Amino acid sequence: MPVHTSYIAAEDRLDLVFDGNLDVSVSQEIWDICRHASSDLRTCIIDLSGAERLFDSGVALLQMLYRRLNDLGTIVVILSDRADFREQITVITRRAS
């Protein structure tokens, strides 16, 4: 699954667009984003509208990314027009107790 990234410097915004199946195949890209994320990043838009399937491994990776960015103070917005992704998005954005 390709991950397309773009950074809009004027807005301190990172856009991530996923295509195809979201699974363990994107782990290196997600890990790299987590490692290099700056506290200066204001917003991250995660666009899942091109994702075909969201596997458990993909949910776990997005949850890790969401928590890392949220801990840095970044506003994370997840976009999807898929009703079957709603439950997974709730899991991704749920804070650990």
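Here is a quick tour of this protein's overall fold, its cysteines and one ring contact.

This is a predicted model, where local features need pLDDT of at least 70, side-chain atom pairs count only at pLDDT 80 or more, and totals for chains, interfaces and linings use all residues. Residues are numbered from 1 along each chain as its sequence is written, and side-chain values use heavy atoms, with hydrogens and water left out.

Let's start with the fold. The protein has three helices and four strands, and from the N terminus they come in the order β-β-α-β-α-β-α. Helices here are DSSP runs of H or I with at least four residues, and strands are runs of E with at least two. The C-alpha trace spans about 30 × 30 × 25 Å along its principal axes. Of the 97 residues, 38% count as buried, and buried means under 20% relative accessible area with a 1.4 Å probe, counting protein chains only.

Now for the cysteines. A disulfide is a pair of cysteine sulfur atoms within 2.5 Å, and by this rule the count is zero. What about Cys34 and Cys44?

| Cysteine | Nearest cysteine sulfur | Relative accessible area |
|---|---|---|
| Cys34 | Cys44, 9.6 Å | 5%, buried |
| Cys44 | Cys34, 9.6 Å | 0%, buried |

Finally, which ring does the charged end of Arg82 sit over? That ring belongs to Phe85, and the charged end is 4.4 Å from its centre. To count, NZ of Lys or CZ of Arg must be within 6 Å of the ring centre and within 35 degrees of the ring normal.

Notes
Buried < 20%, exposed > 50% of the residue type's maximum accessible area, 1.4 Å probe, protein only.
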